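Trainee: I would like a close look at one part of this structure, taken residue by residue. Please start with a single side chain in a loop, then go on to the sheet and the helices.

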Amino acid sequence: AFADPSSWGRSPFRPDVPFELGDEAVFVGRESETRARVARLDEMRGTRGGLVLISGPSGVGKSSLVRAGLLPRLARPYLFPGIAACRWWVQGFTAGAAEDSPLAVLAGGLLRPEVLGGPLRGFGLDRQALARLLANEPAVAADQIQAALAAGLTDTADPAREGSTQLALVLDPLDGLLRAPLRDRPETQAFSAALAELAGRDGIWIVATLRADLLRRLSDLPSLAGLLDAAAHLPIAPPPAARIRQVMEIPARVAGIELETPEETAGRGLTEWLEAEAAALEHWPPLLEATLDALLAMGGEPAGGQAGAGAEVEPGASHGGRRQLTLAAYRELGGLLGVTLGRADALWGSLGPEARGALPRLCRALVAVEAGAAARPAPRVGDLLTLALDPSFRRLVDALVEARLVTLGGLPDPTAR
């Protein structure tokens, strides 16, 4: 069965941005990982250690897992015994961003009306006062936040509802706190200490995402790092190839989109072609999403209508007809490989001469070529720490990571103690 196309007016695919809370219906392939994080939060109820750190390579889907997997479940009343409601605040600290003081950002988030704004303002706390309290007296600030949580159910639509209110502070991502300029600010240490105090209080969870190559820098925030143990650290890996088909087919059905079938092509259908290409990659989801979104932007062949271009798609242009992604369009794009090369060409055109000049060094770090006439290049894992000291190399790598053309991750160092 297919959904009414008019009920989903945008692309169900997310090539360059994470899935969000409203995308729960089209976020698939991470059900087991989501259940594991929910179970971990359940285990932490009533304990002093409310931290969950989700780490993984760049582009693996950490933000999507939190925003479209975990948060929709936290929105369900009584998902956890005795917890009638969960309020949350989501904030990203991006690499290299010159943001406000992290403490001021935290105070502002807590004072949002949908979080704890009403009770906290009733205690006489504004953004400046709460930030100052978090910095100078984090234990007192945590007391005030717990008191606000206790009063939280009184301003809901159903004040008679029994149970407690839980608070989830979601730092997605945490990366920027471990990179300049935020890493070098004194208030970042105070922010870490405030989070550690809050994580030790019943009724408060801290959920953070962190790119795996930055795990080695977590010790720069000792208050937060002190909360991390094997139970709190929940890394994720790229999903297995067995999930490729559902990642294509379920969102398409939700959005009223058909993928051309073998019966229509007298051979392999579009799903089979895409699955074969994606299965050859370890980090396949971003490039598969990009290819599906590009196919949808081409318009397909809807029954009596045409899909719009880009992320926003004209729903119902065919007055109820479904859109179809076709094998002909796939071949015109050059398949997943063609879409990837197109993204690389577009990125190359946007780079300056210094970043372009760093490409040969990057290729030597990431590509191995065996000797011999029949030799073919092969990918290899490269240690980029030394090379990344060069600003032009760093700019190139950051741009490639942002475009999902290079993946940054972390491997355990056997010599580390």
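Mentor: L111 has a relative accessibility of 3%, so it counts as buried, the cut-off being under 20%. The model is a predicted one. L111 belongs to the loop that lies between α3 (102–110) and α4 (117–122). Leaving aside residues up to four places away in sequence, L111 touches G117, L120, R121, L125, D126, R127 and L130. One of these contacts can be put in figures: L111 and R121 are ten residues apart in sequence, and their C-alpha atoms are 7.4 Å apart in space.

From the loop we turn to the sheet. It is open and consists of four strands in the order β1-β4-β3-β2, with parallel pairing. Its edges are β1 (51–56) and β2 (83–91), each of which pairs on one side only. On average, and with direction ignored, neighbouring strands of this sheet are turned by 20 degrees against each other. Strands of a sheet pair through backbone hydrogen bonds, in a parallel or an antiparallel sense.

The strand to examine closely is β4. It covers residues 204–211 and runs parallel to β1, to which six bridges join it. Along this pairing, L51 has I206 of β4 as its bridge partner, and I54 stands opposite T209 of β4. With β3, strand β4 pairs over five bridges, again in the parallel sense; here L167 stands opposite I204 of β4.

In a regular strand the side chains alternate between the two faces of the sheet. In β4, I204, I206, A208 and L210 point one way, while W205, V207, T209 and R211 point the other way. Every one of these residues is buried. Eight of the eight residues of β4 being buried, the strand is largely enclosed by the rest of the structure. Helix α2 (residues 62–74) lies across β1, β2, β3 (164–171) and β4, and runs at about 160 degrees to β4.

Away from the sheet, helix α12 (residues 285–297) meets helix α14 (residues 335–350): their axes come within 9 Å and cross at roughly 95 degrees. Angles of 65 to 115 degrees count as roughly perpendicular, so this description applies to α12 and α14. On the side of α12 the contact is made by L287, L288, A290, T291 and A294, and on the side of α14 by G335, L336, V339, T340 and R343. By type, the residues of this contact of α12 with α14 divide into six nonpolar, three polar and one charged.

Last come the aromatic rings. Four aromatic pairs turn up in a search of the whole structure. Among them is the pair of F19 and F27, which is tilted, with 5.4 Å from centre to centre and 50 degrees between the planes. F19 counts as buried because its relative accessibility is 7%, and F27, with a relative accessible area of 13%, is buried as well.

Terms used: Residues numbered from 1 in each chain as written. Predicted model: local features only at pLDDT ≥ 70, side-chain atom pairs only at ≥ 80, totals over all residues. Heavy atoms only, no water. Axes fitted to C-alpha atoms, helices over the stretch in contact; angles between N-to-C directions. Helix = DSSP H or I, 4+ residues; strand = E, 2+ residues; numbered from the N terminus. Parallel < 35°, antiparallel > 145°, perpendicular 65-115°, else oblique. Contact = heavy atoms within 4.5 Å. Nonpolar A, V, L, I, M, F, W, Y, C, P; charged D, E, K, R; others polar. Pairing = 2+ DSSP bridges. Phe/Tyr/Trp six-rings, centres within 6.5 Å; stacked < 30°, edge-to-face > 60°. Buried < 20%, exposed > 50% of the residue type's maximum accessible area, 1.4 Å probe, protein only.
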